[in-house]
Amino acid sequence: MGVLDRIRQIRYYSPMTQVVMVGLVCFLCPGMYNALNGMGGGGQMDRTTGNNANTALYCTFIVFGVAGGAIVNLCGVRWTIAISGLAYALYSGSYIYLNHTGNGAFTIAAGAILGMGAGVMWAAQGMIMVSYPREEEKGKYIAVFWVIFNLGGMIGGVLPFAINYHSESDSLSDGVYIAFVILESIGALLGLALAPPSKVVRDDGTSVVLVKYTNATQEAIEIVRLFLNPTMLLLLPMCFTSNFFYSYQFGPVNASIFNIRTRGFNNILYWGAQMVGAYALSFLLDSKRLTRRQRGTIAFAIVAVFFNAIWGGTLAQQLKYTHGPSAKETTDYPGGLLDFLEHQRAAGPIILYMLYGLGDALYQNLAYWIIGSLTNDSQKLSRYAGFYKGMQSLGATVAWQLDAKNVAYIDQLIGNWVLLGISLVPMLFVIISLKDHSEEAADFEEEKTGSTPQLSISGKDAN
């Protein structure tokens, strides 16, 4: 093997290369889904089908999110991510059928299938993102992934904005959905280019995993242990809350007070702000001047203050309008639907919506950093990531049904605000219990659970 070949191999098998690659997969798959979902109701005038599809999605996501870590451990990252990516393409394509038939059954079924794929994909993604880097680099790696991933949502927002710029329709055209299907299919294929974790080597020469085989029985036992683990139970409110606000932000706000092209414009700002938030927070989370506990506590304070300020501003906006007994009824926002060219009317609500994205990035990045601080064991982290996404999906399932059942917007807002408050206390307790090194944090966890951390990867990943 020549020198150039060795350099290429080192670069390919480096943790950063792999995180960038999984970021590109999520750029093209979940990123496009986020752009579509951010339109409210999947870009449809009637949000009922989109809300029910999201409910079906998150119902299956609960199961496959929690089991996702075990599936990844047994089957490897490449094929699980690639097959999962195809589920995103199927979901986007189902809206073309909906456009022409008005029958939402296929879209709802596609949502359920997507929940299966998404649960597995996010378990694999979470394991790669928080277990591959060294301890002092985890904030940076999370930020790099988050920037690439949300660039997908940002660019995905450009598509409906540009294609529907002159459209009078309140629903997206077939062309937008076709573009999403193509991009998501490319993302699925890119998943096959990922390297097995057993071959990934850090810059200091250490491997990201210690090779040891696992089996279905052991993985089933570890899934049960997740629900007996005091640390995971303390983080459950954080997990439950972390995507709960999407249904309110995407539906009662974006889809209810803005016209179709401005929804796409808002998505550009929303996901763009996510990139800024993730990048900015990474400097604090990786700071060498502060202990891990100090970094976490300061980040927690920023998140708590910022989110409460956001919901305060949202309350002031929500008091201006309500919704009727039918989701098909037009909004009663003063002056009618907002257009981004109406600067005086639209500027405030658009800026507030952009801040939603910034707040989401701060919360999600802190959550992943906390999980990544518990251990360096890639297999445990795949299970932790799966637990996080599964319980997150449980919250999202409830949230999407609230909007589907036409629960008053003000009640949805209050529910989001209360859940945030409930999540903060146990979240802070876990942060102040962190040690400066993940190995010690794992010992702290072991003392509580009585289990011994194990490093293991599947036979497929060992090849």
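What follows is a walk through this structure, from the whole chain down to single residues.

The model is predicted, so local features are described only where pLDDT is at least 70, side-chain atom pairs count only at pLDDT 80 or more, and totals for chains, interfaces and linings use all residues. Residues are numbered from 1 along each chain as its sequence is written, and side-chain values use heavy atoms, with hydrogens and water left out.

The secondary structure consists of 18 helices and zero strands. These elements are DSSP runs numbered from the N terminus, with H or I over at least four residues for a helix and E over at least two for a strand. Of the 463 residues in the chain, 58% are buried. Buried means under 20% relative accessible area, exposed means over 50%, and partly exposed lies in between, with a 1.4 Å probe and protein chains only. The accessible surface of the chain comes to about 17,200 Å², and carbon and sulfur atoms hold 67% of that area. Accessible areas come from the Shrake-Rupley method with a 1.4 Å probe, and for residues only the protein chains shown count as cover. Contacts (heavy atoms within 4.5 Å) often span long stretches of sequence: among those between residues at least 6 apart, 85% join residues at least 24 apart.

The largest nonpolar core has 114 residues. Such a core is a set of buried Ala, Val, Leu, Ile, Met, Phe, Trp, Tyr and Cys residues joined through side-chain atoms within 4.5 Å. Ile81, Phe145, Met238, Leu366 and Ile370 have the most contacts inside this core. Helix 14, residues 343-372, gives the most to the core, with 14 residues. Domain 1 (11-198) and domain 2 (214-438) both contribute residues, so the core lies between them; the domain bounds come from an automatic or database domain assignment.

Two residues show the packing in detail. Leaving aside neighbours within four places in sequence, Ile81 is in contact with Val22, Val25, Met121, Ala124, Ile128, Gly191 and Leu194. Gln125 is in helix 6, residues 105-131, and counts as buried at 0% relative accessibility. With neighbours within four places again left aside, Gln125 contacts Val22, Cys26, Phe145 and Tyr368. Val22 is thus a contact of Ile81 and of Gln125.

Helix 12, residues 260-285, has 26 residues and reaches 38 Å from its first C-alpha to its last, close to the 38 Å expected at 1.5 Å a residue. The expected span is 1.5 Å times one less than the number of residues. Of the 26 residues of helix 12, 20 are buried, so this helix is largely enclosed by the rest of the structure.

Helix 13, residues 292-318, includes Arg293. Arg293 is partly exposed, at 39% relative accessibility. Not counting residues up to four places away, Arg293 touches Ile431, Ile432, Leu434 and Asp436. The C-alpha atoms of Arg293 and Asp436 are separated by 7.2 Å, although these residues are 143 apart along the chain. The side chain of Arg293 also reaches the backbone oxygen of Leu434 at 3.5 Å. Ala304 lies in helix 13 too, and is buried, with a relative accessible area of 12%. Its C-alpha is 8.4 Å from that of Gly421, and the two residues are 117 apart in sequence.

Thr55 is placed in helix 4, residues 48-75, and counts as buried at 10% relative accessibility. Beyond its neighbours within four places, Thr55 is in contact with Thr397, Trp400 and Gln401. The side chains of Thr55 and Gln401 are joined by a polar contact of 2.8 Å. A polar contact is a pair of N or O atoms within 3.5 Å; within protein, one must be able to donate a hydrogen and the other to accept it, and residues adjacent in sequence count only if both atoms are side-chain atoms.

Asn406 sits in the loop between helix 15 (378-404) and helix 16 (409-432). Most residues other than glycine have a negative phi. Asn406 is not a glycine, yet has a positive phi of about 60°. Its relative accessibility is 27%, so Asn406 counts as partly exposed. Ile410, in helix 16, is partly exposed at 29%. Outside its neighbours within four places, Ile410 contacts Leu315, Gln318 and Leu319. Ile410 and Pro252 are 158 residues apart in sequence and 9.3 Å apart in space, C-alpha to C-alpha.
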